[in-house]
Amino acid sequence: MGELIKHNSYGFRFKGDYQDKVAGLNAVGYELRKTHDYCWHGCKRGEKDIYIFQYTLKGKGSIQIEHETFNLEPEDAFLVHVPSNHCYYLPKDSNEWEFLYFTIYGKVAAELFHRIMDTYGQILKLSIHSEPIKHIIDTLEKLETYGINHGYEASSCAYTFIMKCLEHVEYGHQQA
């Protein structure tokens, strides 16, 4: 990871119809979890109609989606909608879980996120050098140095992310 990136989380509350209609940036972060109380259940969160993409860098995490549990190791990502029946956590057999996450909302973003989940599944394998991961890292570097200062910038960042995810799942494997 770049020298400018620190473990941190950023949340956004910009207003604008374009974010609800197209894409809005809810949160982005780089975290390291080492305690087993780290657990998020998709039906017990305060947010509604957000879409979470989380990517494992180091260690191991787990996610239960409906009645199936997936171990998440480096280069594994998951996609989930909130609210939905899922729970992700640091499992007892792991000492740490380091990950990146990107959380978006908006009608177009929702449609495209569901297209990815319905076609390619909720668990994806991506290289750290893939475009979606590079976009998260670039966004975190930007936040550490300049910030995101208005809703249009946040909306553009969210829309670019979902486009990079679509590009990766639809064309990225052909280029490998």
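Val80 is buried, with a relative accessible area of 0%. This residue of a predicted model belongs to strand E7, which spans residues 76-82. Apart from neighbours within four places in sequence, Val80 is in contact with Ile50, Tyr51, Ile52, Ile63, Ile65, His86, Phe113, Met117 and Gln122. A further relation in space concerns His114: its C-alpha lies 9.1 Å from that of Val80, with the two positions 34 residues apart in sequence.

**Buried residues in E2 and H4**

Leu25 is placed in strand E2. Its relative accessibility is 1%, and because buried means under 20%, Leu25 counts as buried. When residues up to four places away in sequence are not counted, Leu25 touches Phe12, Gln19, Phe102, Thr103, Tyr105, Ile148, Ala154, Cys157 and Ala158. Leu25 and Glu153 stand 128 residues apart in sequence, yet their C-alpha atoms are 9.2 Å apart in space.

Helix H4 covers residues 151-175 and includes Ser155. With 8% relative accessibility, Ser155 counts as buried. A polar atom of the Ser155 side chain lies 2.5 Å from the backbone oxygen of Ala23. Ala23 also appears among the contacts of Ser155, together with Tyr18 and Gln19, once neighbours within four places in sequence are left aside.

Gly151 is likewise located in helix H4. This glycine is buried, at a relative accessible area of 6%. Leaving aside neighbours within four places in sequence, Gly151 is in contact with Phe14, Tyr18 and Gln19. Gly151 and Asp118 are 33 residues apart along the chain, and 29 Å separates their C-alpha atoms.

The C-alpha separations described above are collected here.

| Residue pair | Separation in sequence | C-alpha to C-alpha distance |
|---|---|---|
| Val80 and His114 | 34 residues | 9.1 Å |
| Leu25 and Glu153 | 128 residues | 9.2 Å |
| Gly151 and Asp118 | 33 residues | 29 Å |

**Aromatic pairs**

The structure holds 10 aromatic pairs. In one of them, formed by Phe53 and Phe161, the ring centres are 5.1 Å apart and the planes meet at 75°, so the pair is edge-to-face; planes over 60 degrees apart count as such. Because Phe53 lies in strand E4 and Phe161 in helix H4, this pair ties together parts that are 108 residues apart in sequence. Both Phe53 and Phe161 are buried.

Ring pairs also link Tyr38, Phe78, Tyr88, Trp97, Phe99 and Tyr101 into a cluster.

**The largest pocket**

The largest pocket holds about 180 Å³ of space. Its lining is made up of 15 residues, and those nearest the centre are Glu31, Trp40, Arg45, Tyr88 and Tyr101. Two or more lining residues come from each of strand E2 (24-33), strand E4 (50-59) and strand E9 (97-105). Strand E2 provides the largest share, 4 residues. By class, 8 residues of the lining are nonpolar, 3 are polar and 4 are charged.

Several of these elements and residues have been met above. Strand E2 is also the place of Leu25, and strand E4 that of Phe53. Tyr88 and Tyr101, named for the centre of the pocket, are members of the aromatic cluster as well.

Conventions:
Residues are numbered from 1 along each chain as its sequence is written. This is a predicted model: local features need pLDDT of at least 70, side-chain atom pairs count only at pLDDT 80 or more; totals for chains, interfaces and linings use all residues. Side-chain values use heavy atoms; hydrogens and water are left out. Buried means under 20% relative accessible area, exposed over 50%, partly exposed in between (1.4 Å probe, protein chains only). A polar contact is a pair of N or O atoms within 3.5 Å; within protein, one must be able to donate a hydrogen and the other to accept it, and residues adjacent in sequence count only if both atoms are side-chain atoms. Contact means heavy atoms within 4.5 Å. On a 1 Å grid over the protein atoms alone, a cavity is a set of points where a 1.4 Å probe fits but cannot get out, and a pocket is an open set with protein on both sides within 12 Å along at least five of seven lines; lining residues have an atom within 4 Å of a point. Grid points are joined across faces, edges and corners, and a volume is the space filled by probe spheres set on the points. Ala, Val, Leu, Ile, Met, Phe, Trp, Tyr, Cys and Pro count as nonpolar, Asp, Glu, Lys and Arg as charged, and the others, Gly among them, as polar. Rings of Phe, Tyr and Trp (its six-membered ring) pair if their centres lie within 6.5 Å; planes under 30 degrees apart count as stacked, over 60 as edge-to-face and the rest as tilted.
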